[in-house]
Structures are given as structure tokens and as C-alpha cells.
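Work through the exercises below with the model open. Each task is followed by its solution.

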Amino acid sequence: MEKNRDVIIALDFKDKADTLSFLDRFTEEKPYVKIGMELFYGEGPEIVREIKARGHHIFLDLKLHDIPMTVRKAMRNLARLGVDMTNVHAAGTIDMMKAALEGLAEGAAECGRPAAKLIAVTQLTSTSEERMQKELLIDASINDTIVKYAQNTKEAGLAGVVCSPLEAAMVKEACGREFLTVTPGIRYPGAGVQDQVRVTSPADAKEIGTDYIVVGRPITAAEDPVAAYRKVCADFLG
Ligand code: C5P
């Protein structure tokens, strides 16, 4: 059964062999997992089918952004893979987001599955306010852009957005408690942050009220990934 709050492990591995040997360590639980561009483009759609067949829920993180008809047709195909959650860029416009939803519903109906949750990326965390203003000529603060894109996402009928835990409260305030926030950037105090800049612990993410946390290296690079996963679950879900 899919929960409305969960810990999603980011499967940022270079290939299928590394990914499956990581998943083989989980003998008791079937974690919700995120498949991103590297694995999907390297291994093709078969990797999604294979992990799905093992019983995992899948967030397919491909961040689609194109003309509405192209996104609609692409989403129809992704829905046939049986993914549980996927995403688009909110910058693609409300029309594009609506087209994505239609495509997902069509694909799901064709294979008799419930439609995947669709969420949107507001601003990538790698985009600084300075670059957004000077390079992209967006004349607003990054927070105002995030809130506006989240409101557009809600208006298009999507389930929620990807954002940092620190933005989740702002998004919930603007779009309502039911509007989902899916948040990466999770780290324990004292552990290395690697390339993440603004980070939050699982317990703080729980306190903030985010719905899903996406956790990569704190679990995948741990000496005992299963124990690390259980601790994150206990701290976020417990
Ligand atoms: O290893 P780590 O916990 O930093 O992994 C976080 C995951 O979330 C990675 O797959 C990363 O690409 C993704 N992500 C992110 N920040 C965003 C969007 C996605 O860290 N704004």
C-alpha cells in the first residue's frame, strides 16, 4: 500500500548491477526508491520494470519540460511503466503541466493502474537568485518564484512540488497542507553535506511537515545501508 508520507531512497548508482546489488541488501523491507536520469538513460525503461517487479514504489525523476503535446505523449509512455510518482518542470507552464496529467491518466487507464502522482520542480536548488535574475532575466526573488510556481502547479491540478525542506513550510502556507512537498537535502548533523548546501535532518523535516524525503548518500554510502534506512524511517516517520 502506498503511504502519503515516506522515505524515498535516491538510487544514484552508475548502472543496473550496482543498483540491484544495493537493493538485494533489503531482505525485509521494500523501500520507495527514486530513479533519476543517469540510471534511466543508461539502462533504459527496463530498469524501471525490473525494480517495479521487485515490489518497490518508484519515483521516476526525469523532470520533463517540452511543448505540452510532447510531454503528454511522453507521460503516457511513462505511465505504462507503472511508476508511482514522476515530475515535470513548473517552468513549462500550466498548460504543459495539465497535458502531463492527461498523459499520465491516459497511460494509467490503458493498463488499469491508478495514475501516478505528478509533482513539479519549482526552481532547481542549483539555481542561485543572482543567476535567475541576471542570466534568466526573472525579475523576482527566488522565494517569490518558488511560491508562484507552486501555485501554478496547484492550479494545474498536480499533487505537489519538489523543494528544499526549508521551503516546504512556505509552499504549504501558500498552497495548503494537502499539497505535497517532496524534499531532498537531508543530512544528519555532523555528517558530511557533500554538494548539498541547505540541509535538514530527518527529524526536522518531520517537524516542518514535509510529506516525502528523498535521501541518497546518507543511506547509499552508509556502511550498513539497511540500518541507515531504518534510522531515517524511525526519525522521519516514527
Ligand atoms: O545523496 P543526496 O541525499 O544528496 O541525494 C539527494 C537526491 O535528490 C539526488 O538524487 C539529487 O539529485 C536529488 N535532488 C536534490 N536537490 C534537488 C532536486 C533533486 O538533491 N533540488
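**Exercise 1. Find the polar contacts of the ligand.**

Start with K34: one of its polar side-chain atoms lies 2.9 Å from a ligand oxygen atom. Next take T125, where a polar side-chain atom is 2.9 Å from a nitrogen atom of the ligand. Then turn to the backbone: a polar atom of G216 lies 2.8 Å from a ligand oxygen. A polar contact here is a pair of N or O atoms within 3.5 Å. Finish with the area: the ligand alone exposes 460 Å², and the protein buries 82% of that (Shrake-Rupley, 1.4 Å probe).

The model is predicted; local features need pLDDT of at least 70, side-chain atom pairs 80 or more, while totals for chains, interfaces and linings use all residues. Numbering runs from 1 along each chain as its sequence is written, and side-chain values use heavy atoms, without hydrogens and water.

**Exercise 2. Describe the shell around the ligand.**

List the residues with a heavy atom within 4 Å of the ligand. Among them are A10, D12, R187 and P218. Sort the shell: five nonpolar, three polar and four charged, with Gly counted as polar.

**Exercise 3. Place the ligand in a pocket.**

The ligand sits in the largest pocket (more than half of its atoms lie within 2 Å of the grid points). β8 (212-215) and α10 (217-220) each give two or more residues to the ligand shell. The pocket has a volume of about 1,200 Å³. Its lining counts 40 residues; K63, T125, P184, G185 and Q196 lie nearest the centre.

How values were computed: A residue is near a molecule or strand if one of its heavy atoms lies within 4 Å of it. A polar contact is a pair of N or O atoms within 3.5 Å; within protein, one must be able to donate a hydrogen and the other to accept it, and residues adjacent in sequence count only if both atoms are side-chain atoms. On a 1 Å grid over the protein atoms alone, a cavity is a set of points where a 1.4 Å probe fits but cannot get out, and a pocket is an open set with protein on both sides within 12 Å along at least five of seven lines; lining residues have an atom within 4 Å of a point. Helices (H or I, at least four residues) and strands (E, at least two) are DSSP runs, numbered from the N terminus. Grid points are joined across faces, edges and corners, and a volume is the space filled by probe spheres set on the points.
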